[in-house]
Amino acid sequence: MLIASAGPTGLVLAIDLTRRGIRHRLVEKEGRGFPGSRGTGIQPRSLEVMDDLGAVEALLASSGPVPTMQTWEGTEPGAQWQLVEPGDPSPGVPYPDALMCPQWRTVEVLYERLEELGGRVDFNTGLAGFTQDEHGVTAELRHADGTVETVRAGYLVASDGGRSAVRKALGVPFEVDVVDKRHAMVADVRMSGFERAGVDRSHWHMWTNAPGGLLGLRPLECTTDTIQIMAFWQDTSYVPDPARDATPEALARLITARTGLTGLVPEEVIWASAFQPKAGMAARFRDGRVLLAGDAAHIHSPAGGQGLNTSLQDAYNLGWKLGAVLRHGAPDALLDTYDAERTQVAADVLELSTRMHGQDRSVGLERGLSRRGKETHQLTLNYRTGPLARELRRDLPEDGLRAGDRAPDAPCTDASGAPFSLFDAFRGPHFTLLDLTGSDAVGEQAGAAVADAEWVRTYRVGGTAPDLVDAGGHATDAYGRGLFLIRPDGYVGLATDEAADVRAYLAEVSGIAAATAAPVTAAIPA
């Protein structure tokens with residue numbers, strides 16, 4: 001396995017492959033240490049992914065809540081309001097709210113987790129070229145000293161960004177739409193003079209009606225003196241250049257001109273980038289032995305904080321499927337489901353982020369940005385219509401959980417009476433067979449069906465000899481009755497009342513022998 005680029009997408013995939021024991025190589029043409037804040041919003045579903053990967057505690061320690069918005073008219077502060085609709089704390093959602101964390105810190109947390117597991121990144125090593133055949137990929141890696149190394153890998157995953165050289169070399173169409181004719185610039189700046197200017201570090205400050213265009217100042221987490229400056233230029237013909245527009249002197253002039261405040265003093269520019277909001281998606285995410293992930297597969301408007309989170313979940317979806325093919329003998333065709341599932345999700349998320357950007361433009365004159373609803377939390381994204389969802393139960397309630405949905409958490413206790421949640425059961429690189437039938441006979445049959453499947457763990461909830469006790473009824477409330485096969489990426493793959501279906505499903509998606517089980521066919525309508 002070869003992974004091109006060690007951004008968040010490549011790192012999540014490398015962590016997942018490392019814990020699965022899959023040999024791989026992660027190369028990054030730059031040195032260690034992404035310098036900028038860039039993608040800062042971490043959605044609740046991404047926190048669940050980080051939990052499973054063993055990185056959530058470090059990320060939580062480095063993050064903070066989304067700041068309260070403070071609008072301004074020149075030097076006068078205006079209304080305050082919440083940008084993101086709060087989540088609904090519940091037994092099924094352990095991380096209900098979005099958090100903010102500079103991307104440089106998210107990347108470092110992922111580096112550290114990869115190294116804890118024994119993995120590493122080959123820094124200053126870039127992908128110079130590649131060819132593929134029916135058996136694998138031959139790639140050339142260029143090192144910092146100019147030497148070129150030729151390597152052979154079964155698959156290449158390109159996580160090399162929106163300008164992906166791999167995608168271009170493949171000739172995969174990538175249709176891009178301009179979301180906003182205005183150009184923008186974002187910069188991380190060490191700054192002094194907050195008290196003199198009356199700008200506190202507990203709010204996200206926004207000048208929507210500033211002369212020349214919107215200006216935002218947001219204090220960054222993990223620091224005590226760094227502000228993220230975001231500026232749009234109302235003159236659509238002006239294209240900002242960080243070399244010209246992101247010097248301390250230029251930023252001081254920009255802040256004074258747009259806010260009227262004179263006390264803020266930019267001391268040092270740590271990182272800056274200019275961009276024009278665009279949305280685009282590759283026509284396909286798989287081309288033979290090469291798979292596209294993250295920004296190489298889709299780019300988003302920053303509105304709603306969807307891009308980074310969608311990219312992380314590309315890797316999370318792909319990791320277990322590569323593990324199934326490379327370690328457990330699953331058919332190569334399983335990787336086609338990555339394309340089928342993630343292209344649909346990416347299209348839906350692109351529509352959401354583009355729509356939110358348009359709403360920002362329409363309501364911005366009143367208060368700055370449109371409020372982000374719970375749809376941005378990514379907890380309701382699902383694979384119900386995907387090729388791996390098998391809903392085989394009858395007489396389901398209209399609002400009930402379905403195969404393809406995210407598998408909810410629920411607090412339980414183990415046989416000793418110690419707290420043990422469903423997420424504790426799911427955590428790791430395995431499938432989880434969750435038996436909520438309440439029938440000892442069905443449970444025994446289901447357990448026997450997967451007894452020789454090394455990467456399936458079974459938990460019986462209820463019955464005379466339960467593995468988990470659902471004292472509060474939260475697991476039953478969330479799932480209903482039945483057998484639920486939870487995929488390694490935390491989605492319900494199969495929901496059924498028949499133990500024989502479990503073996504057949506695993507034979508289809510993981511290469512485990514079907515034995516005498518009947519094949520899985522079409523889902524029974526709810």
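## Charged side chains in a predicted model

At 57% relative accessibility, Glu116 counts as exposed, since the cut-off for that class is over 50%. This value, like the others in this report, was computed from a predicted model. The side chain of Glu116 forms a salt bridge with that of Arg113. Both residues belong to helix H4 (residues 103-116), where a spacing of three residues separates them by about one helical turn.

A search of the whole structure finds 32 salt bridges. Three of them are listed below.

| Salt bridge | Distance, N to O |
|---|---|
| Arg113 and Glu116 | 3.0 Å |
| Glu48 and Arg406 | 2.8 Å |
| Asp180 and Arg182 | 2.8 Å |

In the pair of Glu48 and Arg406, both residues are buried. Glu48 lies in helix H2 (residues 44-53) and Arg406 in the loop between E23 and strand E24 (411-414), so this salt bridge ties together parts that are 358 residues apart in sequence.

Asp180 is buried at 2% relative accessibility, and its partner Arg182 is buried at 10%. Elsewhere, Asp16, Arg19, Arg20 and Asp52 are joined into one network by salt bridges that share partners.

Strand E23 (residues 390-391) contains Glu391, a buried residue with a relative accessible area of 10%. The side chain of Glu391 makes a polar contact of 2.8 Å with the side chain of Arg393 and reaches the backbone nitrogen of Ala403 at 3.0 Å.

On the surface, Arg38, Arg163, Lys168 and Lys278 form a positive patch. Arg38 is located in the loop between strand E2 (25-28) and strand E3 (41-42) and counts as partly exposed, at 45% relative accessibility.

Notes:
Residues are numbered from 1 along each chain as its sequence is written. This is a predicted model: local features need pLDDT of at least 70, side-chain atom pairs count only at pLDDT 80 or more; totals for chains, interfaces and linings use all residues. Side-chain values use heavy atoms; hydrogens and water are left out. Patches are made of residues with over 30% relative accessible area and no salt bridge: like charges are joined within 9 Å, nonpolar side chains (Val, Leu, Ile, Met, Phe, Trp, Tyr) within 5 Å. Accessible areas come from the Shrake-Rupley method with a 1.4 Å probe; for residues, only the protein chains shown count as cover. A salt bridge is a side-chain nitrogen of Lys or Arg within 4 Å of a carboxyl oxygen of Asp or Glu. Lys and Arg count as positive and Asp and Glu as negative; His and the chain ends are not counted. The place of a charge is taken as NZ of Lys, CZ of Arg, CG of Asp or CD of Glu. Helices (H or I, at least four residues) and strands (E, at least two) are DSSP runs, numbered from the N terminus. Buried means under 20% relative accessible area, exposed over 50%, partly exposed in between (1.4 Å probe, protein chains only). A polar contact is a pair of N or O atoms within 3.5 Å; within protein, one must be able to donate a hydrogen and the other to accept it, and residues adjacent in sequence count only if both atoms are side-chain atoms.
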